[in-house]
Amino acid sequence: MAMRLEEDRFLLGVCYYPEQWNETMWDDDFRRMREMNFSVVRMAEFAWSIFEPEEGSFRFGLFDRAMDAAHRHGLKVILGTPTATPPAWLTAKYPEVLNVTFEGVVLQHGLRRHYNYSSPKYRELCSRITREMALHYKDHPAVIGWQIDNEFNCEISEFYSEADHLAFRSWLQEKYGSLDRLNEAWGAVFWNQTYSGWEQVHLTRPTPSPRQPNPHQLLDEKRFISDNAISFAKVQADILRELAPKQFVTTNGLFGHLDSHRMTDELLDFFSYDSYPQFSTITEREQEESPLLDRSWSLNLSAVRSISPNFCVMEQQSGPGGWVNRMDMPSPKPGQMRLWTYQSIAHGADMLLYFRWRTAVFGNEIYWHGINDYHNRPNRRVREAAQVGEELSRVGKRFLGSRFQAEIAIVRDYENEWDGEYDVWHGPFGWESGTAWFKALTRRHLPSDVLYLRETTRLDDLRRYRMLVYPHPAIMRRETAELLEQYVAEGGVVIFGCRTGYKDERGHCYMEPFPGKAAKLCGISVEEFTMVKGTRAPTFLTWNGDPGSRIPALRFNDVLAVESDTAEVMAVYASDYYAGKPAVTRNRFGAGEAWYYGAVFHEQAAARIIELLGLRSPANGWMKLPESVELAIRGSAEANGNDSDGRPGAPATAFLLNYEEKPAKLTFLRPTEELLSGQVLQGEVELEGFGVLLLRSPEDGE
Ligand code: GAL
C-alpha cells in the first residue's frame with residue numbers, strides 16, 4: 001500500500017525512552033529535537049512494567065506526561081506495544097509463556113524476547129495490555145501510529161516450548177488432515193520414522209547426530225514458526241484496527257523464519273526496518289573478496305522494499321553499535337550517518353527515525369550509541385543529524401510516495417531460504433550468488449530490486465522487470481515454473497544457476513531430469529552433477545569463441561545437455577572429465593530467453609552475462625560514475641506516471657552515494673540540477689568522501 005503519512009513533509013525523528021531518563025530532561029530533549037527538524041518519536045516498546053506494574057493494574061501517568069510534552073513541542077508519536085519484554089511478575093507467575101531452546105533449556109527473564117508465540121496465556125495478557133493502551137491513547141493528538149511488539153524473531157527465531165509442540169501438531173493436522181499424508185510428506189518410511197498417533201508428532205527434537213532432523217519436518221517447522229508469529233501479531237493488529245482505526249499499524253524487522261510479506265499484506269499498513277549498516281563491518285562478509293561493506297545494506301533495503309515499496313526505517317544507526325560483550329562496531333566516520341540516511345531514503349524510506357536519542361547509561365546496550373553521548377553536550381553526530389534534518393525539511397517532501405526504479409530483480413522465495421538453511425546442497429549458494437549479482441549490478445550502476453516469489457505473485461508483478469535473476473531455486477513448484485514460462489514467453493529474461501528445480505514443495509526430489517519443472521523453459525537437461533570441493537580440483541568454464549575468457553565454475557557443476565532446438569550453448573566446461581560439455585546455455589522461449597548457468601555465480605560471471613545481454617545503466621549518456629558510487633533513482637510508482645494510489649507521480653530524483661572515504665570523480669555529460677545546493681552540475685565534479693548528491697532526474701517533467 002502507498003504510505004502517504006503526511007502530504008507535506010518527510011517525517012524524521014528518533015527513538016526515545018522517557019522511562020530511562022529523569023523527567024526533568026524531557027522538555028529540553030524535545031525542544032532540541034525540534035531544533036534539529038525532527039518531527040516524530042517512537043516510544044514505549046519495552047515499557048510493559050510501567051504500564052502494568054502488577055497484573056491487571058494499569059498506570060499511564062508517565063507516558064501521558066511524556067507524550068503530552070512531546071505534543072507541546074509539536075512532535076508526533078509512534079507507540080510500541082510492549083510485548084517483546086514480558087514483565088518479571090508475568091513470567092514468574094506463568095512460566096509456560098517462556099521460550100525453550102532446541103536442547104530444552106528454558107529461556108528466563110533477564111534479556112528480552114524470551115517468550116513463545118503459542119502460549120494462550122501470553123496471547124491473553126498481550127491482548128489485554130494492547131487493548132488498554134489502545135483505549136487510552138487512541139485519541140491522543142500526538143499519536144500517529146503503532147508498532148506491534150519489537151523485531152519479531154530477533155535474538156531467537158526457534159521455539160520449542162510445550163505450547164509450541166502442541167500448536168505445531170494442530171497446524172499439521174490442519175495442513176495434512178491425516179497421519180498418512182503427513183507420513184508421506186515427511187518421507188517417514190525412511191529410517192522407520194512413521195507416526196501412528198498424533199501425540200507422537202513434535203517439532204524437531206535432539207537426535208543421535210546433533211541437529212540432523214528429518215529435512216521435510218524441519219521445513220514444515222519453519223513454515224509453522226512463520227505462521228505462528230503472524231497469528232500472534234494478528235491478535236494485536238486486530239485490536240488496534242478496531243480501537244484506533246485512524247492510526248497506522250506497523251512492525252519493525254527483518255528477521256528469519258517469518259514471511260514478512262504475508263504479515264504486512266494481512267496485518268500492517270506498511271513494513272518498517274531497522275537499518276544498521278555497520279553490521280557489515282563485523283560479519284563474515286568482511287572475508288569476502290572485494291566486499292561491499294555498508295553498501296551491501298542496499299541489498300537488505302531492497303528486500304525491505306519488496307515487502308513495502310515505501311517503508312519506514314524505525315531505527316537508523318546513529319553511532320557506534322555495541323552490546324557489553326558483542327557487536328562491537330567502529331564509530332561511523334563524519335558523513336557516514338548522513339550517507340546511510342540517504343541510502344535508506346534512496347531505497348524507499350518515506351519516514352526515518354534514528355536509534356536512539358541518547359546512549360543508555362545502563363543495561364546491555366550501554367555501547368549502542370545514540371545521537372547524543374552520555375554527557376549530553378552537542379557533538380558531531382548531533383550536528384550531522386541536524387544537517388540531515390535541515391536538508392529534509394527542504395527537499396524531503398519530494399520523495400514521498402515515489403518508488404525505486406529498477407528493471408532487474410534478484411528473485412528469492414521463503415521456501416528455498418528456509419530449506420536452504422539446512423540443505424547445504426543449495427542453501428549457501430543462494431546467498432553467494434545473489435550477492436555476486438548485486439555487486440556486479442550496483443558497480444555498473446544498474447539499479448535492481450529484490451523480488452520474493454510467493455503464491456500470490458502474478459504475471460503483472462514480473463512484467464515490471466526486463467530481467468529476473470533467480471540463482472538456485474532448488475524447490476520449484478509447477479505453478480512457479482508456469483508463471484516464469486509466461487513471463488519469458490512475453491519477452492522477459494530469466495537467469496538460473498545450478499541446482500534449479502529439482503525439489504517439490506515438500507523438499508522431495510522430482511523423479512525427472514533436472515532442472516525438473518524448469519527444464520522446459522531452459523530447453524536443457526542436467527546430464528550429471530557434482531560438488532566441487534575437497535579433493536576435487538577447482539573447475540573452469542570458457543565462454544564461446546573466446547579462449548581467453550576462462551573463469552572459475554564455482555562450487556557445484558551441473559553438466560548440461562541441450563534438449564531443444566531453441567537452446568544454444570554459451571559456455572563450456574574447460575577442465576575435468578566433462579571439459580567441452582555445456583556449462584551455460586540460453587534458450588529462446590517465445591519472445592524472451594532463459595539462461596542456465598551450471599555453477600554458483602561470482603561477480604565476473606554475472607558481469608559477463610550483463611555484457612552479453614547489453615544491459616545499460618540509466619546513467620548512460622548522462623553521467624560517468626566510478627564503481628564506488630551507488631546510483632539509485634526514485635520516480636513514479638506506475639508506468640503511467642502515477643503513484644500506486646493513483647495520484648500524480650512524485651518527481652524523479654537520482655541519488656548518488658559515495659561509500660568511500662576518498663572523494664569520487666564524476667563527469668556530467670548534461671547539465672543537471674543538484675537539489676540540496678541548487679547548483680547546476682556539468683563536466684567534471686568531485687563528490688566528497690561519504691558524500692551524497694540528489695539530482696533532478698531527466699524524466700522529471702517539473
Ligand atoms: C534493534 C532493536 C533495538 C536495539 C537496537 C540496537 O535490534 O530493535 O531495541 O536493541 O537493535 O541493538
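Colleague: Which residues in α11 are buried?
Modeller: Keep in mind that this is a predicted model. Helix α11 covers residues 336-346 and is mostly covered, with 11 of its 11 residues buried. So the cut-off to have in mind is under 20% relative accessible area. The buried residues are Q336, M337, R338, L339, W340, T341, Y342, Q343, S344, I345 and A346.

Colleague: And what is the phi of G348, which follows α11?
Modeller: Here we've just left the helix, and G348 comes after it. The phi of G348 is positive, near 125 degrees.

Colleague: Let's zoom out. Into which domains is the protein chain divided?
Modeller: The bounds come from an automatic or database domain assignment. Going along the chain, you get domain 1 (11-400), domain 2 (408-613) and domain 3 (623-696).

Colleague: How many residues of domain 2 are in contact with domain 1, and what area do the two bury?
Modeller: The C-alpha centres of domain 1 and domain 2 lie 34 Å apart. On the contact count, 34 residues of domain 1 meet 26 residues of domain 2. Of the area buried between them, 54% is on carbon and sulfur atoms, and the total is about 2,600 Å².

Colleague: Which residue of domain 2 pairs with R305 in a salt bridge?
Modeller: The rule finds five salt bridges across the interface of domain 1 and domain 2. In the one with R305, the side chains meet at 2.8 Å, N to O, and the partner is D449.

Colleague: Which element gives the largest share of the side of domain 1 that touches domain 2?
Modeller: Between domain 1 and domain 2 there are 15 residue pairs in polar contact. On the domain 1 side, the elements giving two or more residues are α7 (179-185), α8 (215-243), α9 (260-267) and α10 (297-307). The largest share is seven residues, and it comes from α8.

Colleague: How many charged residues does that side of domain 1 have?
Modeller: Sorted by class, the side of domain 1 that touches domain 2 has 11 nonpolar and 11 polar residues. The count of charged ones is 12.

Colleague: Is V488 buried or exposed?
Modeller: V488 is found in helix α16, residues 478-489. Leaving out residues up to four places away in sequence, V488 touches V494, L521, F589, A591, G592, E593 and A594. Because its relative accessibility is 0%, V488 counts as buried.

Colleague: How far apart in space are V488 and G592?
Modeller: In sequence, V488 and G592 are 104 residues apart. In space, C-alpha to C-alpha, the value is 4.7 Å.

Colleague: Which residue does a cis peptide bond join to F355?
Modeller: Most peptide bonds are trans. At this one, omega is about -5 degrees. The partner lies in the loop between β9 (349-355) and α12 (380-395), and that partner is R356.

Colleague: And which residue does a cis peptide bond join to F514?
Modeller: Omega is about 5 degrees at this bond. The partner is in the loop between β14 (493-496) and α17 (519-522). Its name is P515.

Colleague: What is the phi of R113?
Modeller: R113 sits in the loop between α4 (88-93) and α5 (120-137). R113 is buried, with a relative accessible area of 5%. R113 is not a glycine, yet its phi is positive, about 55 degrees.

Colleague: Where is H257 found?
Modeller: Phi of H257 is near 55 degrees, a positive value in a residue other than glycine. H257 counts as buried because its relative accessibility is 5%. Its place is the loop between β6 (252-253) and α9.

Definitions and conventions: Residues are numbered from 1 along each chain as its sequence is written. This is a predicted model: local features need pLDDT of at least 70, side-chain atom pairs count only at pLDDT 80 or more; totals for chains, interfaces and linings use all residues. Side-chain values use heavy atoms; hydrogens and water are left out. Contact means heavy atoms within 4.5 Å. Buried area is the accessible area (1.4 Å probe) that two parts lose on being put together, summed over both. A salt bridge is a side-chain nitrogen of Lys or Arg within 4 Å of a carboxyl oxygen of Asp or Glu. A polar contact is a pair of N or O atoms within 3.5 Å; within protein, one must be able to donate a hydrogen and the other to accept it, and residues adjacent in sequence count only if both atoms are side-chain atoms. Helices (H or I, at least four residues) and strands (E, at least two) are DSSP runs, numbered from the N terminus. Ala, Val, Leu, Ile, Met, Phe, Trp, Tyr, Cys and Pro count as nonpolar, Asp, Glu, Lys and Arg as charged, and the others, Gly among them, as polar. Buried means under 20% relative accessible area, exposed over 50%, partly exposed in between (1.4 Å probe, protein chains only).
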